Amino acid sequence: MRPTIKSVAAVAGVSTATVSYVLSGRSGKAGGGSGSGVAPATVLRVQEAAKSLGYRPNQAARAIRTGRTNLLMLSLTMISDPWALDISRAVGTAAGQHGITPMILADTDWRIALKRQNADVTFIDAAEEPGDAELLAQAAKLQRLVVFSDTMEPQGFDVVRSMPGSSCDQAVAHLTSRHVRVGCLAAAPRPGNPISIRLRAYIQGLAAAGLDYRDEYVERFDLDTQSAFDAAQRLLLRKDRPTAIYATTDFAAIAAIHAAQRLQLRVPEDVEVVGIGNTTEGEFMAPSLTTVGPEGFFDGVAEFLLDRAEDPDAPSKVLEFPWSLIVRDSAPAV
């Protein structure tokens, strides 16, 4: 017979209400706390009783009873992107301490997924197509949404904003201060947005340095590593190849370093590379990646998502993370 809350309560010597409170993750989240209302020793006794009996909560019944799913959904456009991996890693670590299960929609259209799956909170990393703001506003009436966007304003959903503008200018200036042949790896344009903030920084940065913009020095890539690698190779195989590359994402910058190494070019001696995103992979690769991005971003987003899961009725807001230039080995300081 499947163990129940009553059987756990009997073994632990507590009430069923206490068992429900503890196993819901509300008793101090990470093992009980002074303000939880349940003593740490009692929390431990309940957890051990549940483990010994092999108790598993009935999630469907809990959702009906409490209105909560204990699910946190991550809609990640490109799961192989180091940025997406860092988001999922940070959320996974934090969610486990809150009794919440993260579910990743890898390379899946959130517009379809929202109709099929409910969650206590859903994080969407890309919503830039025409009509997305209106669609999100409608969906937010039924469930809590957090959207990563540099341009959207809250309409019942929360917005996480990375504020990349000025730091992207710094990245381009960092390269143009010592190079005249600066190439660009730019993400393929999205509908209605042919020139992104990040690409605009490159165009304006060249002009500020007195350098001409050259179409042949801009290579576009789709949202996959192979496409970025191929685009970088096209730049680096030119007879007048760039001596520096500004990439509009970290994963494209990492692909550029790998392409340079494949062509037996040294980084940074033969070509310097700068990315955008400040990802863990870029920090610990060799050579480490010079990049622009926010510090503490991934843990900060994870904490915000879990706060929203715990307090779904909180007013929607913008959560901003200022960026800075982070100089490492791939484009060192002069």
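This report describes a predicted model, covering its overall make-up, its largest pocket, two helices and several residues in loops.

## Overall make-up

The protein contains 13 helices and 12 strands. Of its 334 residues, 50% count as buried. Among contacts with a separation of 6 or more, 70% are between residues 24 or more positions apart.

## The largest pocket

The space in the largest pocket comes to about 970 Å³. Its lining is made up of 39 residues, and those closest to the centre are Glu128, Phe148, Ala187, Arg190 and Arg198. Sorted by class, the lining holds 20 nonpolar, nine polar and 10 charged residues.

Several secondary structure elements supply at least two lining residues each: helix 5 (82–96), strand 6 (182–187), helix 9 (197–208), strand 7 (218–221) and helix 11 (250–262). Of these elements, helix 9 gives the most, with four residues.

## Helix 9

Helix 9 is 12 residues long, and the distance from its first C-alpha to its last is 16 Å, close to the 16 Å expected at 1.5 Å a residue. Its buried residues are Arg198, Leu199, Ala201, Tyr202, Gly205 and Leu206. These lie on the same side of helix 9, because they cover an arc of only 150 degrees around the axis. An α-helix has 3.6 residues a turn, so residues three or four places apart point the same way. Ala207 and Ala208, on the other side of helix 9, are exposed.

Arg198 thus appears twice in this account: among the buried residues of helix 9, and among the residues closest to the centre of the largest pocket. After the helix comes Gly210, which has a positive phi near 75 degrees.

## Helix 10

Helix 10 spans residues 225–236; it has 12 residues and reaches 16 Å from first C-alpha to last, close to the 16 Å expected at 1.5 Å a residue. Ser227, Ala228, Phe229, Ala231, Ala232, Gln233, Leu235 and Leu236 are its buried residues. They pack against strand 6, strand 7, strand 8 (244–247) and helix 11. Strand 6, strand 7 and helix 11 also contribute to the lining of the largest pocket.

Gln233 is one of the buried residues of helix 10. It counts as buried because its relative accessibility is 18%, and the cut-off for burial is under 20%. Leaving aside residues up to four places away in sequence, Gln233 touches Ala259, Arg262 and Leu263. Of these contacts, Ala259 and Arg262 fall within the range of helix 11, residues 250–262.

## Tyr55

Tyr55 sits in the loop between helix 3 (40–53) and helix 4 (59–66). With a relative accessibility of 11%, Tyr55 counts as buried. Its contacts, not counting residues up to four places away in sequence, are Pro3, Thr4, Ile5, Val8, Leu23 and Ala50. One of them, Ile5, is 50 residues from Tyr55 in sequence, while the two are 7.9 Å apart in space, C-alpha to C-alpha.

## Backbone features in loops

Two peptide bonds that lead into proline are cis, as set out below.

| Cis peptide bond | Omega | Place of the proline |
|---|---|---|
| Val267 to Pro268 | about 15 degrees | loop between helix 11 and strand 9 (272–276) |
| Ala286 to Pro287 | near -5 degrees | loop between helix 12 (280–284) and strand 10 (290–293) |

Positive phi values are also found in two asparagines. Asn70 has a phi of about 60 degrees although it is not a glycine. Asn70 belongs to the loop between helix 4 and strand 1 (71–76). At 5% relative accessibility, Asn70 counts as buried.

For Asn278, likewise a residue other than glycine, phi is positive and near 50 degrees. Asn278 is placed in the loop between strand 9 and helix 12. Its relative accessibility is 11%, so Asn278 counts as buried.

Strand 9 therefore has a loop described here on either side: the loop with Pro268 runs between helix 11 and strand 9, and the loop with Asn278 runs between strand 9 and helix 12.

Terms used. Residues are numbered from 1 along each chain as its sequence is written. This is a predicted model: local features need pLDDT of at least 70, side-chain atom pairs count only at pLDDT 80 or more; totals for chains, interfaces and linings use all residues. Side-chain values use heavy atoms; hydrogens and water are left out. On a 1 Å grid over the protein atoms alone, a cavity is a set of points where a 1.4 Å probe fits but cannot get out, and a pocket is an open set with protein on both sides within 12 Å along at least five of seven lines; lining residues have an atom within 4 Å of a point. Grid points are joined across faces, edges and corners, and a volume is the space filled by probe spheres set on the points. Ala, Val, Leu, Ile, Met, Phe, Trp, Tyr, Cys and Pro count as nonpolar, Asp, Glu, Lys and Arg as charged, and the others, Gly among them, as polar. The expected span of a helix is 1.5 Å times one less than its number of residues. Buried means under 20% relative accessible area, exposed over 50%, partly exposed in between (1.4 Å probe, protein chains only). The arc is that of the directions from the helix axis to the C-beta atoms. Contact means heavy atoms within 4.5 Å.
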